[in-house]
Amino acid sequence: MLKEYVHEILSKPATHAYVKRYVQLHNIGSTQDDPEGRKIDSIGVLGFSSLNDVEDYLSNADYAQVEREESALIGGGSEFWTAATTALSTAYPELATESKDGE
């Protein structure tokens, strides 16, 4: 993931057009017996501005090439998950706003 896969992802124009954030999460071990967790060595997280961007990226020929390279690198055991979320920034404190009545 750190050496080959990241270069494959970053070399694609579609990545730069659609992906706003790319993160790799690496499994460093569990504090408890976790047979299923041991099967996971890393997870790649791609962030997008919209669901349309996700669809455009996944249907792009660049992603098809990334997917083929991923299969060659890790074999047929890869999974793809999707999730939609809203990110809330906590970099600045929340500020109260005035109501229409001026209260």
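**Figure 1. A lone salt bridge, Glu8 to Lys12.** The count of salt bridges here comes to one. This is a predicted model, and in it the side chains of Glu8 and Lys12 make that pairing, with 3.0 Å from N to O. Are these two residues buried or exposed? Both Glu8 and Lys12 are buried. Glu8 also falls within helix 1, which spans 5–10.

**Figure 2. The whole chain, for orientation before the other close-ups.** Four helices and two strands make up the secondary structure, and reading along the sequence gives the pattern α-α-β-β-α-α. Of the 103 residues in the chain, 18% are buried. The accessible surface adds up to about 8600 Å², with carbon and sulfur atoms accounting for 52% of that. If you take the contacts between residues at least 6 apart in sequence, 56% of them link residues at least 24 apart.

**Figure 3. The largest nonpolar core, with nine residues.** Its members are Tyr5, Val6, Ile9, Ala14, Val19, Tyr22, Tyr57, Tyr63 and Val66. Which elements each supply at least two residues of this core? They are helix 1, strand 1 and helix 4, the last covering residues 61–74. Helix 1 gives the largest share, at three residues. Ala14, another member of the core, touches Val19, Tyr57, Asn60 and Asp62 once its neighbours within four places in sequence are set aside.

**Figure 4. Val19, a core residue in strand 1.** Strand 1 runs over residues 19–26, and Val19 sits in it. Why does Val19 count as buried? Its relative accessibility is 12%, and the cut-off for buried is under 20%. Ignoring residues up to four places away in sequence, Val19 is in touch with Ala14, Leu46, Gly47, Phe48 and Tyr57. Gly47 is 28 residues from Val19 along the chain, yet their C-alpha atoms are separated by 5.8 Å. In this view, look for Gly47 in strand 2, which takes in residues 42–48.

**Figure 5. An aromatic cluster built from Phe48, Tyr57 and Tyr63.** These three residues form one cluster, and the count of aromatic pairs comes to two. Phe48 and Tyr57 make a tilted pair, 5.6 Å from centre to centre with 50° between the planes. Tyr57 and Tyr63 are also paired and tilted, this time at 5.4 Å centre to centre and 55° between the planes. How do the three rings' residues fare for exposure? Phe48 is partly exposed, at a relative accessible area of 23%. Tyr57, by contrast, is buried at 1%, and Tyr63 counts as buried too, at 11%. Both Tyr57 and Tyr63 turn up in the nonpolar core as well.

**Figure 6. A nonpolar patch out on the surface.** Which residues make up this patch? Leu25, Ile40, Ile43 and Val45 do, and together they have about 280 Å² of accessible area. Leu25 lies within the residue range of strand 1, 19–26. Val45 belongs to strand 2, residues 42–48. With a relative accessible area of 37%, Val45 is partly exposed. Compare Val19 in Figure 4: that valine, at 12%, counts as buried.

Methods
Residues numbered from 1 in each chain as written. Predicted model: local features only at pLDDT ≥ 70, side-chain atom pairs only at ≥ 80, totals over all residues. Heavy atoms only, no water. Buried < 20%, exposed > 50% of the residue type's maximum accessible area, 1.4 Å probe, protein only. Contact = heavy atoms within 4.5 Å. Patch = residues over 30% accessible without salt bridge, like charges linked within 9 Å, V, L, I, M, F, W, Y side chains within 5 Å. Areas by Shrake-Rupley, 256 points an atom, 1.4 Å probe, with all protein chains shown as cover. Salt bridge = Lys/Arg side-chain N within 4 Å of Asp/Glu carboxyl O. Phe/Tyr/Trp six-rings, centres within 6.5 Å; stacked < 30°, edge-to-face > 60°. Core = buried A, V, L, I, M, F, W, Y, C linked by side-chain atoms within 4.5 Å.
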